[in-house]
Amino acid sequence: TSTVSGGEQGLLRLVEGLLDDVLDHLAVVAAAERRHERLDLGIALTAHEVRGPLVGALAIIERLLMEREHDEEDQELLNRSREQLEQLSRLVDSLLRWAVAGRPLEMVPTDLLALVRESADACARETGTDRAVVTGDGGVSVLADPDHLLGAVANVIRNALLYSPPETDVVIAVETVDGMARVTVRDRGPGVPAGERDSIFDPFMRGAASYLARSGNGLGLFIARRVLEAHGGGVWLTSSGTGAVFTLEIPLTKGGAS
């Protein structure tokens, strides 16, 4: 148990340093006049700086797994941490190729309902709450880069969980509409004022209800929008006094809905 605690402390230090670097780079980028060109540069710089600490964190996990046997709970924690770090490492590599080399996303036919469920499960593990309820029929196929799209959907779900009352569910529905695959994320939070419904997707924009969330840096929805647009889709927000509704759309693959 002491070995795991030491490893977790090392990971926390790495993550703290990583987040400081990310925010420093993106703060500079957000102030640039030519925002989109500089944002691509900022993404590249951030991905480059993040990659080193990620490799170090993975090495710590691997060493902890190899040094001795752990009880079932600790073993599951370490294995899950390794899987999440490996996924983040793949995403960072992809971001670096995307921003620097102009390499397109690695698109493959993807089961959207399964991907949304995986995103919801990841958010549940992260927040320690099981309030994300996914509905929809299977057979909705999209052409997507799974790592990028999974992260984008998770960002929207995470935002809904942060800004809604802890006793309420966040309902995520997968459907097809006019040749597009659609994911709607509905929460029971305070909603978003009309004047913020576009700007909330800008970097570092947290909105008037930010006092409700103890975490978050105002980047999740911005990243989600960039990823959806790169997939030929989009994301937008509608709101009322009973909550917010985020709608994500991405083109279906040919014959992508059964």
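User: What share of the 258 residues of the protein chain counts as buried?

Analyst: Keep in mind that this is a predicted model: local features need pLDDT of at least 70, side-chain atom pairs count only at pLDDT 80 or more, and totals for chains, interfaces and linings use all residues. Residues are numbered from 1 along each chain as its sequence is written, and side-chain values use heavy atoms, leaving out hydrogens and water. Buried means under 20% relative accessible area, exposed over 50% and partly exposed in between, with a 1.4 Å probe and protein chains only. By that cut, the buried share of the 258 residues is 42%.

User: Over which residues does pLDDT stay under 50?

Analyst: pLDDT is the predictor's confidence in each residue, from 0 to 100. The protein chain averages 76, and 64% of the residues score at least 70. Where pLDDT is low, the predicted coordinates should not be read in detail. That caution goes for the stretch under 50, residues 208–217.

User: Which pattern do the helices and strands follow along the sequence?

Analyst: Helices (H or I, at least four residues) and strands (E, at least two) are DSSP runs, numbered from the N terminus. The protein chain has six helices and seven strands. Read along the sequence, they give α-α-α-β-α-β-β-α-β-β-α-β-β.

User: How many Å apart are the end C-alpha atoms of helix H5?

Analyst: H5 runs over residues 146–162, which makes 17 residues. The expected span is 1.5 Å times one less than the number of residues, so H5 should cover 24 Å. The model agrees, with the end C-alpha atoms apart by 24 Å.

User: Which helix gives the most to the largest nonpolar core?

Analyst: A nonpolar core here is a set of buried Ala, Val, Leu, Ile, Met, Phe, Trp, Tyr and Cys residues joined through side-chain atoms within 4.5 Å. The largest one has 39 residues, and those with the most contacts inside it include Leu 149, Ile 157 and Ile 172. The top contributor gives nine residues to this core, and 13 of its 17 residues are buried: helix H5.

User: Which residue in S5 stands opposite Ala 173?

Analyst: Two strands pair if DSSP finds at least two bridges between them. S4 (residues 170–177) and S5 (residues 180–186) pair in the antiparallel sense over seven bridges. Opposite Ala 173 in that pairing is Thr 184.

User: Is Asp 178 buried or exposed?

Analyst: S4 and S5 form a hairpin with two residues between them, and Asp 178 sits in the turn. Its phi is near 50°, a positive value in a residue other than glycine. At 79% relative accessibility, Asp 178 counts as exposed.

User: Which residue's side chain does a polar contact of 2.5 Å join to that of Glu 249?

Analyst: Glu 249 lies in strand S7 (residues 243–257) and is buried, with a relative accessible area of 11%. Contact means heavy atoms within 4.5 Å, and beyond four places in sequence Glu 249 touches residues including Met 180, Leu 228 and Trp 236. A polar contact is a pair of N or O atoms within 3.5 Å; within protein, one must be able to donate a hydrogen and the other to accept it, and residues adjacent in sequence count only if both atoms are side-chain atoms. For Glu 249, the partner at 2.5 Å is Arg 182.
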